[in-house]
Amino acid sequence: MKRLQFITAGESHGPALSVIIHGLPAGFHVKVDDINHQLKRRQSGFGRGDRMKIETDQVEVLSGLRNSITLGSPLAFIIRNRDFENWKEIMDPLHAKTSKKISIPRPGHADYAGMIKYQTDDLRNILERASARETAARIIVGSVCRQFFEDIGISFSSIVTQIGTVSISENDIPPVSSWQQADTSPVRCPDLFTSQRMIDAISKAQKEGDSLGGIFKVAVQHLPIGLGSHTQWNERLTSMISSHILGIPAIRGIAFGLGFDVANLPGSRVHDPFTIKEGKISRTSNNCGGIEGGMSNGCDLLFSAVMKPIPTLTKPLSSVDLQTGKETVAHKERTDSCAVPAASVVAENVTAIPLLDAFLLKYGGDSWGETLKHWKVSL
Ligand code: EPS
């Protein structure tokens, strides 16, 4: 992040989530309804826990806008946690009851390393901030950044391609232009038959006290050529995007274009040949996923990411009580059994953050009008 800055705050069961975004150009109309729409998409998906029945995430704007138009000053937003009412006694920032401690870490969660690192005997002090609820605040940032792009015809979409061992076959994946139809599937998979098998797999895991991970794909269409740069490692678009995607809890990997399959093929079948189509330079394939040398190359940006199963299990794994030093089973509490559909919505939105950062670095401008003038000259 070079020009844009943001920071989120908020515990999962605290009073609110909040975020401050700085570096956006002035003069852009932010649609709060669109932010709320993205927040709603994040809350949906088969496999979510009962928390989603309590919350209806809605953003409140505190600063940075006047009559919905950006001022060039920092934007500040909050989302109130409705569930705080039920957690006041335990989570009140000033007067909380802290006598009831949780001391049995869940394998795979931030619990154990967090307790050691922050020297606490109560893993609630770790899990509250490690919770994926924080991604609601990042949806706000992503959704605002995405609106700048949608204003100029650049579109974002995502689909879920695998949950547990159930995956959509490559042949059944529709063209990117129709990925938005995935929103009609409870698991965000564009194939009806595979969707149902994914739902069945999640139901089975739920019944068995287990959880499932999976894989999703994100696409961005109509990006200009030259976002990112080969000249510095942290200006490569691959590196800029990856840090945002790997920053989503439980995401273990990201792969652009053909991904790990590039290892199986010779260069002649990996790289995307140039050709002339309707008088313009074009490609016969897009195996690189729209990025070469760390720069957008005019093809669709395409990547996949893998999410591990959620570590809170209703049939818990073995653990050790750090209070007594005795072997027992891990802490359990209300949780999702599969959050891959939600993670795909988060990824789709946060991808807009490094892209807008790269766009503003390339085209500059203190006002959106000025940025657009520079962009249009380059077309
Ligand atoms: C989440 C809110 C959480 C969980 C989930 C994501 O709510 P609660 O902990 O009150 O049930 O549903 O968090 C996790 C999966 C996790 O590991 O913490 C949300 O808003 O996304």
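The legends below describe close-up views of the ligand, the largest pocket and the largest cavity in a predicted model.

**View 1. Residues around the ligand.** The shell of the ligand consists of H13, R42, R48, R51, M52, H109, S131, A132, R133, I310, R334 and D336. By class, six residues of this shell are charged, three are polar and three are nonpolar. The space that the ligand takes up is the largest pocket.

**View 2. Side-chain contacts of the ligand.** Three members of the shell, H13, R133 and R334, are shown here with the ligand. In the side chain of H13, an N or O atom lies 2.6 Å from an oxygen atom of the ligand. For R334, the distance between a side-chain N or O atom and a ligand oxygen is 2.7 Å. The side chain of R133 has an N or O atom 3.0 Å from an oxygen atom of the ligand. On its own the ligand has 470 Å² of accessible area, and the protein covers 92% of this area.

**View 3. The largest pocket.** This pocket, whose space the ligand takes, holds about 820 Å³. Its lining is made up of 38 residues, and those closest to the centre are H109, A130, S131, A132 and R133. Among these central residues, H109, S131, A132 and R133 also belong to the shell around the ligand. The lining comprises 18 nonpolar, 11 charged and nine polar residues.

**View 4. Helices and a strand in the pocket lining.** Four elements each give two or more residues to the lining of the largest pocket: helix 2 (51-54), helix 5 (124-130), strand 10 (251-256) and helix 10 (340-350). Helix 10 gives the largest share, which is three residues. Residues R51 and M52, which lie around the ligand, fall within the range of helix 2 (51-54).

**View 5. The largest cavity.** The structure has one cavity of 30 Å³ or more. The space in the largest cavity is about 30 Å³. Its lining is formed by R106, P107, P311, T312, L313, P316, L317, A330 and H331. Six of the lining residues are nonpolar, two are polar and one is charged.

How values were computed
Residues numbered from 1 in each chain as written. Predicted model: local features only at pLDDT ≥ 70, side-chain atom pairs only at ≥ 80, totals over all residues. Heavy atoms only, no water. Near = heavy atom within 4 Å. Polar contact = N/O pair within 3.5 Å; in protein donor to acceptor, adjacent residues only side chain to side chain. Areas by Shrake-Rupley, 256 points an atom, 1.4 Å probe, with all protein chains shown as cover. 1 Å grid on protein atoms, 1.4 Å probe; cavity = no way out; pocket = protein on both sides within 12 Å on 5 of 7 lines; lining within 4 Å. Sits in = over half its atoms within 2 Å of the grid points. Nonpolar A, V, L, I, M, F, W, Y, C, P; charged D, E, K, R; others polar. Points joined across faces, edges and corners; volume = space filled by probe spheres on them.
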